[in-house]
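Here is a short briefing on one protein chain. Start with the core, then work outward to single residues.

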Amino acid sequence: SLQCVIVTPEKAILDESAEMVVLPMIDGELGVQPGRSALVGRLGKGELRLNQSGTVKKLSIEGGFAQVRNNVVTVLTSKVIR
């Protein structure tokens with residue numbers, strides 16, 4: 001599985017495992033599954049989705065950056081709306 005970590009300048013918002021994470025990149029959505037090669041990308045404003053055991057957790061983010069490395073998705077964003 002993946003570990004998804006979401007951080008804002010104020011605090012860490014989320015640190016949970018997921019089967020898949022869908023990121024709102026500046027040029028469209030990016031689905032990340034375990035085993036994905038490393039990347040760093042710029043996030044756009046939109047909905048981040050975590051697929052967890054048949055359920056989907058949705059969070060709205062206000063842009064920022066995402067890093068995928070060793071099955072860890074790290075999201076740095078200015079604002080998260082649940």
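The largest nonpolar core has 21 residues, and I6, V21, L23, L48, L50 and V73 touch the most other members. Seven elements give two or more residues to this core: β1 (2–7), β2 (12–18), β3 (20–25), β4 (28–32), β5, β6 and β7. The model is predicted.

**Core contact: V73**

- V73 is among the core residues that touch the most other members.
- Beyond four places in sequence, V73 is in contact with L2, Q3, C4 and V5.
- The contacts of V73 also include V21, L23 and V32.
- Q67 and V68 complete the contact list of V73.
- Two of these partners, V21 and L23, are themselves named among the best-connected core members.

**Overall fold**

- The protein chain has eight strands and zero helices.
- Its pattern along the sequence is β-β-β-β-β-β-β-β.
- The radius of gyration is 11 Å, close to the 12 Å that the globule rule gives for 82 residues, so the chain is as compact as a globular protein of that length.
- The C-alpha trace spans about 25 × 25 × 20 Å along its principal axes.
- Take the contacts between residues at least 6 apart in sequence: 43% of them join residues at least 24 apart.

**Surface and charge**

- Buried residues account for 38% of the 82 residues in the chain.
- The accessible surface of the chain is about 4700 Å².
- Carbon and sulfur atoms hold 48% of that surface.
- The chain carries 10 positive and 8 negative side chains.
- The centres of the positive and negative sets lie 2 Å apart.

**Strand β5: Q52**

- Q52 sits in strand β5.
- Q52 counts as buried because its relative accessibility is 16%, and the cut-off for buried is under 20%.
- Outside its sequence neighbours up to four places away, Q52 touches E16, S17, A18 and E19.
- K57 is a further contact of Q52.

**Strand β6: K58, I61 and G64**

- K58 is found in strand β6, and so are I61 and G64.
- How accessible is K58? K58 counts as partly exposed, at 49% relative accessibility.
- That value is under the cut-off for exposed, which is over 50%.
- K58 touches E47, L48 and R49, leaving out residues up to four places away.
- K58 and R82 are 24 residues apart along the chain, and their C-alpha atoms are separated by 7.0 Å.
- Is I61 buried or exposed? I61 is buried, with a relative accessible area of 1%.
- Past its neighbours within four places, I61 is in contact with P24, L43, G44, K45, G46 and L48.
- T77, K79 and V80 are also in contact with I61.
- The C-alpha atoms of I61 and G41 are 14 Å apart, with their positions 20 residues apart in the numbering.
- G64 is partly exposed, with a relative accessible area of 22%.
- That value is not under the 20% that would make G64 buried.
- G64 is in contact with G41, R42 and L43, setting aside neighbours within four places.
- L76 and T77 are also contacts of G64.
- G64 and P24 lie 40 residues apart along the chain, and 10.0 Å separates their C-alpha atoms.
- L43 and T77 appear in the contact list of I61 and in that of G64.

**Positive phi in two loops**

- Most residues other than glycine have a negative phi.
- Which residue has a positive phi of about 50 degrees although it is not a glycine? S53 does.
- S53 lies in the loop between β5 (39–52) and β6 (55–69).
- S53 is exposed, with a relative accessible area of 64%.
- N71 also has a positive phi, near 60 degrees, and is a residue other than glycine.
- N71 belongs to the loop between β6 and β7 (72–76).
- N71 counts as partly exposed, at 30% relative accessibility.

Key. Residues are numbered from 1 along each chain as its sequence is written. This is a predicted model: local features need pLDDT of at least 70, side-chain atom pairs count only at pLDDT 80 or more; totals for chains, interfaces and linings use all residues. Side-chain values use heavy atoms; hydrogens and water are left out. Helices (H or I, at least four residues) and strands (E, at least two) are DSSP runs, numbered from the N terminus. Buried means under 20% relative accessible area, exposed over 50%, partly exposed in between (1.4 Å probe, protein chains only). A nonpolar core is a set of buried Ala, Val, Leu, Ile, Met, Phe, Trp, Tyr and Cys residues joined through side-chain atoms within 4.5 Å. Contact means heavy atoms within 4.5 Å. The radius of gyration is taken over C-alpha atoms; the globule rule is 2.2 Å times the number of residues to the power 0.38. Accessible areas come from the Shrake-Rupley method with a 1.4 Å probe; for residues, only the protein chains shown count as cover. Lys and Arg count as positive and Asp and Glu as negative; His and the chain ends are not counted. The place of a charge is taken as NZ of Lys, CZ of Arg, CG of Asp or CD of Glu.
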